[in-house]
Amino acid sequence: MSVPPDSDCHVANDPGSSVDGSECPGEPPVNVSGGYPEGKESTPNVAEYTRSIALFLLRLLAKYLVPESTIQVIATEMYDLFKLSRESAEGHVRKILRNAAIPDEAVTNDILDGIAELVCCLAPPEDSHKFHASQCGSLRSTFLRKNYYKKESQIDQMQLVLLCKEKSMREFGHEKVFSKLVEDLKYLEEEGLSLPDGENWKGTVVVIAGDNLGSHFIGGFCESFNAHHYCRYCIRTKAEIEELPYEEGEYRTPDSYNQCLDMLQETQVDSYMGVKFDSVFNALANFHVANPGLPPCLGHDLFEGIVDYDLALFIQYFVASGWFTVDLLNDKLKRFPFSRSDSKDVLLSIRKGDRIGGQAVENWYFLRLFPLVVFGYVQDIHDPVWQLLLKLKSIVEYVVSPSVQQSDIACPRVLVEEYLEERKELFSRKLRPKHHFLSHYPWLMLQFGPLIRVWTLRFESKHSFFKRCVRYSSNFKNVIATLSERHQMFQAYSCEGKLFPDSVEAGNAAAFDRVLYVNSIQNAVLSACIPEQGCVQVSNRVSVFGTEYKKGMYVIVHCADTRTWTFACILLILISSEVVYFIVRQRRSTHHSCYGLYEVHIDADVDSDVVCVAYDDLADYFPLSAYRVNGCSMISLKNKPNAL
């Protein structure tokens, strides 16, 4: 049913493969260091060359999903080609030594052996006597390559714990499939892990992230939205929700969950108040699905649900009102000068129908940038549907915020109530169950913190990898084993021996000399007290934890005097000891609430407006682009920043 991620699974009928990881017939024993045979030494050049070849073969296998049999042919051909190049080099070396009057055969062989050792990792058994490095033959077969990958690589921080077919899940049941996992989690809670330094660390499950279907299955709740009680957070009925969609109702608790289980045993019904069975994860000491422990997914509920359907409804209204046509909107989207950072994610064409048709992030960015695209086509800024769209935009800005303060909850709660009530009044189309889940978002933000931190889209990359594996694989026997092994190979390739990537990556950086810049920049750098130790570098572009900042982008900074925030344009980027500083020019801004946009004013430059801000002191980490609309520089927020 499940396959451990590091198991040695038999995927294809490759010569020399073994299911249990034991030595394969015809393969000489591999020593503890992964080399072959015992007692031989290797040089750093040979080790690095072997690692490069291993990563190349692993890339073909894990990223491009090339079959193992093809990988074996490539490895064999690589060795044969190197043998030909060695023969050519041998003749050239002998000629040079002969002309230099160095006829010593031992010197000649020593030079040639040094060249030959580089590719010893691909040598077959019959040529093993020709090499001395410990890497000899370590990559020549599928079996030995797997051993090398296990020894040399680390795994990504997002690990595969269990993989199971849905058919097997239905056949064997919830408890049997997850029993081993729960047993390990209990051990982690009770016994913990003893580290080499003597410390003991214990842990537990915080949340189980998933879409609605998966979360309801894990939690033992009804998996159909047609159920009388379909919400995993409250006990309101479907009829009550349709009548008053914005009311939250009584929330589920572990006690009410257990009462439902008691009633299930007494009445022998399929479900009681939305509960079908007791989740196996409730056996953990510090976790319960009704605590709550199953957060919502913004990607599925909000962006591929509410935004996808409601925004299509709003656009149909605007088209019927004569503001624009769908074809005109699509043409405007294609011609709009989106910035490089925004163009990667925005939806550039919408469907004619009940949905705009984008994926989660595309729908998110489409809603965010929609007022900019149709700025000149809005005929009535007080139109109730236009105001409803702006309310949805504001709700999104609150719930996707990467940090949440308790004082920030009141505003989204009011916005959600108004949105759901007005949405019901303005349109005859019924609200969906996902609209009801939206009513719980303010409360859920208090329970889980920023909801953007617990959405499932980060895990969708795993799903897409498995889908590609199944699509390109020619072996469908024991597909779970194939997927598990390919996943671990991809982990090894992705990490390349490194668990976390560099937090800061600068492009075209140079040493920073303060005296070369104008007085305003010099004063800003001096006031920031940047440490003088080490080399301070300057760049026009830097990537911090995967987010790219460039000269000309806007960041949001705190205003110490008003305890609010303002926009600031990046002039320079400084890096000192892995700490990033932004030299920015603060800009005065005006909030145009009728469009949900901010206008930044390009006033006469004032030296006092130039300041130096450390990355950790930004009001919000996300960089923004300004767009020229009707002669004004407009910015649309991605999320609400926090005031001081």
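This briefing walks through the overall make-up of the chain, one of its helices and a patch on its surface. The model is predicted, so please read each point below with that in mind. The chain has 644 residues, of which 48% count as buried, and its secondary structure comes to 20 helices and 15 strands.

**The chain as a whole**
- About 32,200 Å² of the chain is exposed, and carbon and sulfur atoms supply 52% of that area.
- Among contacts with a separation of 6 or more, 67% are between residues 24 or more positions apart.

**Helix α9**
- Helix α9 covers residues 254–267, which makes 14 residues. At 1.5 Å a residue it should span 20 Å, and its end C-alpha atoms are indeed 20 Å apart.
- Its buried residues are Ser256, Tyr257, Cys260, Leu261 and Leu264. Viewed down the axis of α9, these buried residues fall within an arc of 150°, so they line one face of the helix.
- An α-helix has 3.6 residues a turn, so residues three or four places apart point the same way.
- Part of the cover over the buried residues of α9 comes from α7 (212–219).
- On the face turned away from the buried side you will find the exposed residues Asp255, Gln259, Gln265 and Glu266.
- Just after α9 comes Gln268, with a positive phi near 60°.

**A nonpolar surface patch**
- Tyr187, Leu193, Leu195 and Trp201 together form a nonpolar patch on the surface, with about 440 Å² of accessible area.
- Trp201, one of these four, sits in strand β2 (residues 200–201).
- Trp201 counts as exposed because its relative accessibility is 52%, and the cut-off for exposed is over 50%.

Definitions and conventions. Residues numbered from 1 in each chain as written. Predicted model: local features only at pLDDT ≥ 70, side-chain atom pairs only at ≥ 80, totals over all residues. Heavy atoms only, no water. Patch = residues over 30% accessible without salt bridge, like charges linked within 9 Å, V, L, I, M, F, W, Y side chains within 5 Å. Areas by Shrake-Rupley, 256 points an atom, 1.4 Å probe, with all protein chains shown as cover. Salt bridge = Lys/Arg side-chain N within 4 Å of Asp/Glu carboxyl O. Helix = DSSP H or I, 4+ residues; strand = E, 2+ residues; numbered from the N terminus. Buried < 20%, exposed > 50% of the residue type's maximum accessible area, 1.4 Å probe, protein only. Expected span 1.5 Å × (residues − 1). Arc of directions from axis to C-beta. Contact = heavy atoms within 4.5 Å.
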